[in-house]
Amino acid sequence: MKYLSELTPAEIYILTKEKVTHRELLKITFIDLLLKQVLKTFEIERKPHSRDEIRVYKYVGIGQNFKSYNAENHENFFLSTFENDNTIEILFRNLVKIGYQNSRTLSNFKNELIKTSVLKKCFSQNVFQKLFNINSYTEYGTELKRKIEKEIESLNKERSSINNIENQKALELIKLIGGNIFMLNNINYELLSQIDQDLAQEMNKKHTDGGTGCSGCGFDNYSSSFDSGCSSGDSGSGCSSGCGGCGGCS
């Protein structure tokens, strides 16, 4: 598992999949940071208003490995929000939005992704390809792709009994390969589905209104530390901390 333990899931995806989507790359990057304990999730019970029932909110903060982690460019779409304030706590779905907005487009995500030390050697472009943002495999990239696919095939055979991330064997495997566990067949994880749903909602919103998916600040309870920002309650934006990928408040 040499390559699955050394490369990020986004690097593995772009090397081995013929087509990747913006949503796939964001989803696998975010979940990988959680599994590597660079970020962590936790729940807080709160009343949006005094007359409301108590609600459970899922937040994200820095994990135990945040300060020692050497992040790649594409991982900073999520991590840059915490650079200036390690104590900030961001509502889960809002960090999904921030990652999406910071990455902007699939092309931009890919351009940042192929700046990693490994991928720089894997792709090349001629003058024509640069015009259309197309990449070709180098000889090194073709060989690396083959080796990674062989690792995935072998691991699928060895760990065919794993079908859930809560499985003890899966937990042991995560310590070695992080989010690359989702390269295996039929691995289910509720949090991955939640990221997918939040991304789908944000991307559909952008396509519908033609905007950035961020109206004003537009984040619900952006941070538990800044709920008294622009306004209060469940529709509060909490923008006194800056919105990360929001583009500011208007």
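**Exercise 1.** Find which elements cover the buried residues of helix α8 in this predicted model.

*Solution.* Start with the cover: it includes α1 (2-6), α2 (9-16), β5 (136-137) and α9 (168-177). Helices (H or I, at least four residues) and strands (E, at least two) are DSSP runs, numbered from the N terminus. Residues are numbered from 1 along each chain as its sequence is written. As the model is predicted, local features need pLDDT of at least 70, side-chain atom pairs count only at pLDDT 80 or more, and totals for chains, interfaces and linings use all residues, while side-chain values use heavy atoms and leave out hydrogens and water.

**Exercise 2.** Work out which residues of α8 are buried and where they sit around the axis.

*Solution.* Step one: the buried residues are G141, L144, I148, E151, I152, L155 and N156. Buried means under 20% relative accessible area, exposed over 50%, partly exposed in between (1.4 Å probe, protein chains only). Step two: these residues span an arc of only 130° around the axis, so they lie on the same side of α8. The arc is taken from the directions from the helix axis to the C-beta atoms. Step three: turn to the other side of α8, where E139, K150, K157 and E158 are exposed.

**Exercise 3.** Place α8 in the whole chain by counting helices and strands and finding the buried share.

*Solution.* First, the protein chain has ten helices and five strands. Next, of its 250 residues, 46% are buried. That completes the set!

Note on methods: Contact means heavy atoms within 4.5 Å.
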